[in-house]
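Subject: Structure handover

Hello,

Here is the structure I said I would pass on. Please look it over before reading my notes underneath.

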Amino acid sequence: MSLHRHNPAELSPPTGFSHAVTATGTRLVFLAGQTALDTGGKVVGEGITEQFATALGNLLTALRHAGGTPADLARVTVYTTDVPGYRDHAHELGRIWRRLAGRDYPAMAVIGVVRLWDEQALVELDGFAVLDEPAHA
């Protein structure tokens, strides 16, 4: 599997994302939206940073189960009910990303929404990854 991140000098410097990602591999993994649900199905975490850490952890758990690693992520979309709060905590969210997923960022977007499926959820992440190894049984 090969991912190449494209960040042209003609565009503003990316902070916490890559402008484009090309991917070569044999298997796509589509990751469902993950919120800050615990194993009992309850939203945990009061603030956006706590919920982001749990939601990202859940997304990476699903990816690992499918045979991938954070480096395989080609695209992640973040949906939030609190765009100003997300922006206010962007540096802390970046530290959480780097701690859980590393320093290579996929192509990303943050989209403001009115609400998520679970009313208490402030953030949801989905995405896709490109893998080169065969699927697990």
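The notes below go from the whole chain to the core and then to some single residues.

Please keep in mind that this is a predicted model.

Overall layout

The protein chain contains three helices and six strands. Going along the sequence, their order is β-β-β-α-β-α-α-β-β. The chain has 137 residues, and its radius of gyration is 15 Å; a compact globule with that number of residues would have a value near 14 Å, so the two agree. The C-alpha trace spans about 45 × 40 × 25 Å along its principal axes.

Of the 137 residues, 34% count as buried. The accessible surface of the chain is about 7800 Å², and carbon and sulfur atoms make up 54% of that. If only contacts with a separation of 6 or more are considered, 75% of them are between residues 24 or more positions apart. As for charge, there are 11 positive and 15 negative side chains, and the centres of these two sets are 4 Å apart.

The core

In soluble globular proteins, nonpolar side chains tend to be buried together. The largest nonpolar core of this model has 24 residues. Phe52, Leu73, Val76, Trp97 and Leu125 are the residues with the most contacts inside this core. At least two core residues come from each of these elements: strand E3 (27–34), helix H1 (48–65), strand E4 (73–80), helix H3 (90–101) and strand E6 (123–131). Which element gives the most to this core? Helix H1 does, with eight residues.

Val76 is a useful place to start looking. Setting aside residues up to four places away in sequence, Val76 touches Leu59, Trp97, Pro106, Ala107, Met108, Ala109, Leu125, Asp126 and Gly127. Two of these, Trp97 and Leu125, are also listed among the residues with the most contacts inside the core.

Where H1 and H3 meet

Thr49 is in helix H1, and Ile96 is in helix H3. Thr49 has a relative accessible area of 14% and is therefore buried, the cut-off being under 20%. Ile96 has 8% relative accessibility, so Ile96 counts as buried too. Not counting residues up to four places away in sequence, Thr49 touches His89, Glu92, Leu93 and Ile96. With the same exclusion, Ile96 touches Thr49, Phe52, Ala53 and Leu56. Ile96 is 73 residues from Ala23 along the chain, and the C-alpha atoms of this pair are separated by 25 Å.

The end of E3 and the loop after it

Gly33 belongs to strand E3, while Thr35 sits in the loop between E3 and H1. Is Thr35 buried or exposed? Thr35 is buried, at a relative accessible area of 7%. Gly33, at 33%, is partly exposed.

Outside its neighbours within four places in sequence, Gly33 is in contact with Glu124, Leu125 and Asp126. On the same basis, Thr35 is in contact with Thr54, Ala55, Asn58, Asp118, Ala121, Val123 and Glu124. Glu124 thus appears in the contacts of Gly33 and in those of Thr35. Gly33 is 16 residues from Phe17 in sequence, and the C-alpha atoms of these two are 18 Å apart in space.

A residue in E2

Ala20 lies in strand E2, which covers residues 20–24. Its relative accessibility is 32%, so Ala20 counts as partly exposed. Leaving out neighbours within four places in sequence, Ala20 is in contact with His4, Arg5 and His6. Ala20 and Met108 are 88 residues apart along the chain, yet their C-alpha atoms are separated by 8.8 Å. Met108 is also one of the residues that Val76 touches.

That is what I have for now.

Regards

Note on methods: Residues numbered from 1 in each chain as written. Predicted model: local features only at pLDDT ≥ 70, side-chain atom pairs only at ≥ 80, totals over all residues. Heavy atoms only, no water. Core = buried A, V, L, I, M, F, W, Y, C linked by side-chain atoms within 4.5 Å. Buried < 20%, exposed > 50% of the residue type's maximum accessible area, 1.4 Å probe, protein only. Helix = DSSP H or I, 4+ residues; strand = E, 2+ residues; numbered from the N terminus. Contact = heavy atoms within 4.5 Å. Rg over C-alpha atoms; globule rule 2.2 N^0.38 Å. Areas by Shrake-Rupley, 256 points an atom, 1.4 Å probe, with all protein chains shown as cover. Lys, Arg positive; Asp, Glu negative; His and termini not counted. Charge placed at Lys NZ, Arg CZ, Asp CG, Glu CD.
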